[in-house]
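Me: Could you take a close look at one part of this structure for me, and then show me something on its surface? I'm new to this, so please explain the terms as you go.

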Amino acid sequence: MNASKLANYTDAKARQLWTTLYLCAKVNSKRRFHALYDKIYRPDILATAWRRVKRNQGSGGIDGQSISYFVEEYGESQFLNEIYLELKQKRYRPQPVRRTYIPKADGKQRPLGIPTIKDRVVQMATKLVIEPIFEADFRDCSFGYRPNRNAHQAFVQIRKATKNAYWVVDVDIKGFFDNINQEKLMKLVEMRICDRRVLKLIRNWLKAGVMEGDQFHETEWGTPQGGVISPLLANIYLNYMDTVWEKQFSHLGKIIRYADDFVIVCRTRREALEGIQVIKAIMNKLDLTLSTEKSKLVNIWDHSTGFDFLGLHHRKFPVLNKGGSKVYVMSHIPSKKAMKVMRRKIKEYTAPRNKLFWSLDEMVQGLNRKLEGFKRYYFISPIAKQWGRKIDQIRLKTAYDLLEQEA
């Protein structure tokens, strides 16, 4: 069997397991799964996990070993066999994550925890096994880091919810990933999983610690933002909020969440204010707090105000009907912060001096890929397409600059 057929075969086996576990969890919402650990080191699961980690690329952890090292020097088969034996013989121990920082649009820096490649593969394999169980419980209001769900689907829900609603609670959780209560998170995980070996794996990742330079820091709270399994754990934690809201408080408004970012669309100001108090109470239960600086209440009756969510500014814009009457329709345009990020990324792409040796065609093709990616994400509604001209202006200006450099 050649490499391509083998990859297709192992992926199909992994999908079959995913579907089986999902259906079992969906049929019985109270079932706790106890025989999962041996599935994590199944060769087909490890092979699928490795391909996904390799496809996502990313830098190495504290051991300095990169993906290319395992592909070109160490050997992929030897690497996966080593992981298989460590897991089977219960010798696997995660290493601390490497602390790094990425710049935010507001000038601040966001901390990331980068696991080693081996830890990423084991986390991905674990995610492949436990994700379907929790997917069966996740609510429809959640769109972030889930199979077959994306931000554009969240925008569709915003358009539907705002047809007859005029108030939006724009919520920001202060330091979400750093402030997750690990004990409460594990209790939520244990509601579905009772395999002690799997639970020990997750606890070990949470407690693995962080290396920042030569300094080791223990991690008693939070889950490292940057780990493969962190988004799933974050969704498990906030699914408590989604469930409580939809079962008891959905009459107050529609909640739309993407990871730790969410908005609540309400009909009236009174319902919005009541909804804020409910969210504060739920956050208190989860040992989280709302950012008073970034969270806000917005009236979207007309085009005078809007709110930013997932890189887009959402606002009702005036549209003329055939009869000449004016109606306000929710649309989405790139936020000012997003436009600033786009310009910065274009500058960063063209800035390196080694690109002076590129041909004009190579540079233009690379820029087009970036700019088309921006347009596919940001310019999704008729009004937003007008802002697409700004991208074309950036494209045109950059082309002129390149022509001048070549001349």
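Reply: Two strands pair if DSSP finds at least two bridges between them; the strands themselves are DSSP runs (E, at least two residues), numbered from the N terminus. This is a predicted model, where local features need pLDDT of at least 70, side-chain atom pairs count only at pLDDT 80 or more, and totals for chains, interfaces and linings use all residues. Residues are numbered from 1 along each chain as its sequence is written, and side-chain values use heavy atoms, leaving out hydrogens and water.

Let's start with strand 6, residues 254-258. Its partner is strand 7 (residues 261-266); the two run antiparallel and are joined by five bridges. In one of these pairings, R257 is matched with F262 of strand 7. The two strands form a hairpin, with two residues between them. In that turn, A259 has a positive phi of about 55°. Strand 6 is largely enclosed by the rest of the structure, because four of its five residues are buried (under 20% relative accessible area; exposed is over 50%, partly exposed in between, with a 1.4 Å probe and protein chains only).

Now for the surface. V319, V327 and V329 make a nonpolar patch of about 180 Å² (nonpolar side chains within 5 Å, each residue with over 30% relative accessible area and no salt bridge, that is, no Lys or Arg side-chain nitrogen within 4 Å of an Asp or Glu carboxyl oxygen). One of them, V319, sits in strand 10, residues 312-320. V319 counts as partly exposed because its relative accessibility is 34%.

Methods
Patches are made of residues with over 30% relative accessible area and no salt bridge: like charges are joined within 9 Å, nonpolar side chains (Val, Leu, Ile, Met, Phe, Trp, Tyr) within 5 Å. Accessible areas come from the Shrake-Rupley method with a 1.4 Å probe; for residues, only the protein chains shown count as cover.
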